Amino acid sequence: MGRHGTIAGRKAAQDSKRAAMFTKYAKAITVAAKDGGDPDYNAGLRVAIEKAKAISMPNDNIQRAIKKGTGELGGASYEELTFEGYGPGGVAFIVNCLTDNTNRTTSSVRSSFDKHGGNLGTPGCVSYMFSRKGVFIIEKTDAIDEDALLETALEAGADDMVTEDDSFTVYSDPSVYTDVYKALTDAGYEFVESDVEFVPSMESTPKDEDIAKLKKLVDVLEDNEDVQKVQTNCGVDLYA
């Protein structure tokens, strides 16, 4: 629960950062479009576009991002960066970025950790505490039959599903992420969030005095347009 937070908390966070999310999703589309600009033949691009549409990104923005990726429009070339470190209370952080300036991004992420009670570490310093998985979060409603959802997910190659108070979380191997995504969307399920991300194999429970600091660090990192995703092993809901 703590890693993703409640459905209401996630939606509120997404709404408050909608402009920043447009920029992040546009970058993701541009990177995906390097493998081809037709979503019918590029599963990664299709997923990126559908996720952008889910937050109501204008179609003009989507098409412009695709053309940047295919080279039809001039634009920046983005590089993927992953940072690992610790936040207040020893909570492990993995921060994924897409950037056209590695020095700027590295400096900014390091400064965020330093100013908010954390410290940036070396590659591998915390990733051993996580497993990389496809994650699909679906809001629990009366219209969703849990058994039918699980059956659809498993038939598409998913590994497991966890039921929370207000959501279902489906997990898969990263290699079948797009297969599971397509099967669930074709079956009519809508995601609050879906991505390939680092899922903690061990959680950290910070002291009460560290929780506000952790929330601030997450907020500052997510406000950075170069940051695509912030993942922690915190066992407390940081979006409440």
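**Exercises: charges and cores**

D145 is partly exposed, at 44% relative accessible area (buried is under 20%, exposed over 50%, partly exposed in between; 1.4 Å probe, protein chains only). The model is predicted: local features need pLDDT of at least 70, side-chain atom pairs count only at pLDDT 80 or more, and totals for chains, interfaces and linings use all residues. Numbering starts from 1 along each chain as its sequence is written, and side-chain values use heavy atoms, without hydrogens and water.

**Exercise 1.** Place D145 in the fold and find its charged company.

*Solution.*
- Step 1: locate D145. The residue sits in the loop between β4 (130–139) and α6 (146–155). Helices (H or I, at least four residues) and strands (E, at least two) are DSSP runs, numbered from the N terminus.
- Step 2: look around D145. On the surface, D145 joins E146, D147, E151 and E155 in a patch of negative charge. Patch members have over 30% relative accessible area and no salt bridge; like charges are joined within 9 Å, nonpolar side chains (Val, Leu, Ile, Met, Phe, Trp, Tyr) within 5 Å.

**Exercise 2.** Find the salt-bridge partners of R104 and K182, and say how accessible each residue is.

*Solution.*
- Step 1: count. The whole structure holds eight salt bridges (a side-chain nitrogen of Lys or Arg within 4 Å of a carboxyl oxygen of Asp or Glu).
- Step 2: take R104, in helix α5. Its partner is D100, with the closest N and O atoms 2.9 Å apart. R104 is partly exposed at 38%, and D100 is partly exposed at 42%.
- Step 3: take K182. Its partner is D186, at 2.7 Å between the closest N and O atoms. Both lie in helix α7 (residues 177–186), four residues apart, about one turn of the helix. K182 is partly exposed at 40%, while D186 is exposed at 56%.

**Exercise 3.** Are E197 and K229 buried or exposed, and what do they join?

*Solution.*
- Step 1: find the contact. Their side chains form a salt bridge, 3.4 Å from N to O.
- Step 2: map the pair. E197 is in strand β7 (residues 193–200) and K229 in strand β8, so the bridge ties together parts 32 residues apart in sequence.
- Step 3: check cover. E197 and K229 are both buried.
- Step 4: extend. Shared partners link K51, E193, D195, E197 and K229 into one salt-bridge network.

**Exercise 4.** Which element gives the most to the largest nonpolar core?

*Solution.*
- Step 1: list the hubs. Of 19 core residues, F83, F93, V95, C97, V109, F113 and L221 touch the most other members. A core joins buried Ala, Val, Leu, Ile, Met, Phe, Trp, Tyr and Cys residues through side-chain atoms within 4.5 Å.
- Step 2: name the suppliers. At least two residues each come from β1 (79–86), β2 (92–99), α5 (102–115), α8 (208–223) and β8 (227–232).
- Step 3: rank. α8 gives the most, five residues.

Conventions:
Accessible areas come from the Shrake-Rupley method with a 1.4 Å probe; for residues, only the protein chains shown count as cover. Lys and Arg count as positive and Asp and Glu as negative; His and the chain ends are not counted. The place of a charge is taken as NZ of Lys, CZ of Arg, CG of Asp or CD of Glu.
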